[in-house]
Amino acid sequence: MADIEKNEIPEENIIVLFDEEENKEIPCEWLDSVEYEGKQYAVVIPIDDEDGTVLITEMIPDDESDDEESWLFAGVEDNDVLNKVYEIFKENNADAFDFE
């Protein structure tokens, strides 16, 4: 999707997602958050990814956390939502990334 240059990533831009299917953690660089149809989505790129493909996850407030900025991340199955969120991400970040 996006061709992202791999530079030194500040620690505060790193989140760790957990892939339940493969039972492993995936460290990712936080690229942006996008609001679409009243929901928040995170656009991230796995740090170990070589092809520059971004991941889009739904951000769900973590009601069990004392931290107001705590989120849970859920996979998005709807391709229409994924495509629309990615288009918004590209529009918002046209100057920051080289999109193919």
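What is the relative accessible area of Glu87? The value is 35%, so Glu87 is partly exposed, a class explained in the first legend below.

**Figure 1. Overview of the protein chain, with 1 helix and 7 strands.** This is a predicted model, in which local features need pLDDT of at least 70 and side-chain atom pairs count only at pLDDT 80 or more, while totals for chains, interfaces and linings use all residues. Residues are numbered from 1 along each chain as its sequence is written, and side-chain values use heavy atoms, leaving out hydrogens and water. Along the sequence, the elements follow the pattern β-β-β-β-β-β-α-β (DSSP runs numbered from the N terminus: helices, H or I, of at least four residues; strands, E, of at least two). Of the 100 residues in the protein chain, 36% are buried (under 20% relative accessible area; exposed is over 50% and partly exposed lies in between, with a 1.4 Å probe and protein chains only). The accessible surface of the protein chain is about 7,100 Å² (Shrake-Rupley method, 1.4 Å probe; for residues, only the protein chains shown count as cover). Carbon and sulfur atoms hold 39% of this surface. Among contacts (heavy atoms within 4.5 Å) in the protein chain with a separation of 6 or more, 39% join residues 24 or more positions apart.

**Figure 2. A salt bridge within helix H1, between Glu87 and Lys90.** The two side chains meet at 3.4 Å, N to O (a salt bridge is a side-chain nitrogen of Lys or Arg within 4 Å of a carboxyl oxygen of Asp or Glu). Glu87 and Lys90 are 3 residues apart in helix H1, about one turn of the helix. Lys90, like Glu87, falls in the partly exposed class, because its relative accessible area is 22%. The whole structure holds 2 salt bridges; the other is shown next.

**Figure 3. The salt bridge of Glu22 and Lys24, with Asn23 between them in sequence.** The closest N and O atoms of Glu22 and Lys24 are 3.4 Å apart. Glu22 has a relative accessible area of 53% and is therefore exposed, whereas Lys24, at 38%, is partly exposed. Asn23 lies in the loop between strand E2 (14-19) and strand E3 (24-36). Although Asn23 is not a glycine, its phi is positive, at about 55°. With 59% relative accessibility, Asn23 is exposed.

**Figure 4. Glu37, a loop residue with a positive phi.** Glu37 is found in the loop between E3 and strand E4 (39-46). Its phi is near 50°, a positive value in a residue that is not glycine. Glu37 counts as exposed because its relative accessible area is 66%.

**Figure 5. Glu58, a buried residue without a salt bridge.** Glu58 is part of strand E5. Its nearest side chain of opposite charge is that of Lys39, 4.0 Å away (Lys and Arg count as positive, Asp and Glu as negative; His and the chain ends are not counted). Beyond its neighbours within four places in sequence, Glu58 is in contact with Lys39, Gln40, Tyr41, Leu72, Phe73, Ala74 and Val76.

**Figure 6. Val76 in the loop that leads from strand E6 (71-75) to helix H1 (79-92).** With a relative accessible area of 17%, Val76 is buried. Its contacts, apart from neighbours within four places in sequence, are Tyr41, Ile56, Thr57, Glu58, Val81 and Leu82. One of these, Tyr41, is 35 residues from Val76 in sequence, and the two C-alpha atoms are 9.2 Å apart in space.

**Figure 7. The loop between strand E5 (55-61) and E6, with Asp67 and Ser70.** Asp66, Asp67, Glu68 and Glu69 form a patch of negative charge on the surface (patch residues have over 30% relative accessible area and no salt bridge; like charges are joined within 9 Å, nonpolar side chains, namely Val, Leu, Ile, Met, Phe, Trp and Tyr, within 5 Å). The place of a charge is NZ of Lys, CZ of Arg, CG of Asp or CD of Glu. Asp67 is partly exposed, because its relative accessibility is 45%. Ser70, by contrast, is buried at 18%. Leaving out neighbours within four places in sequence, Ser70 is in contact with Pro61, Asp62 and Ser65.
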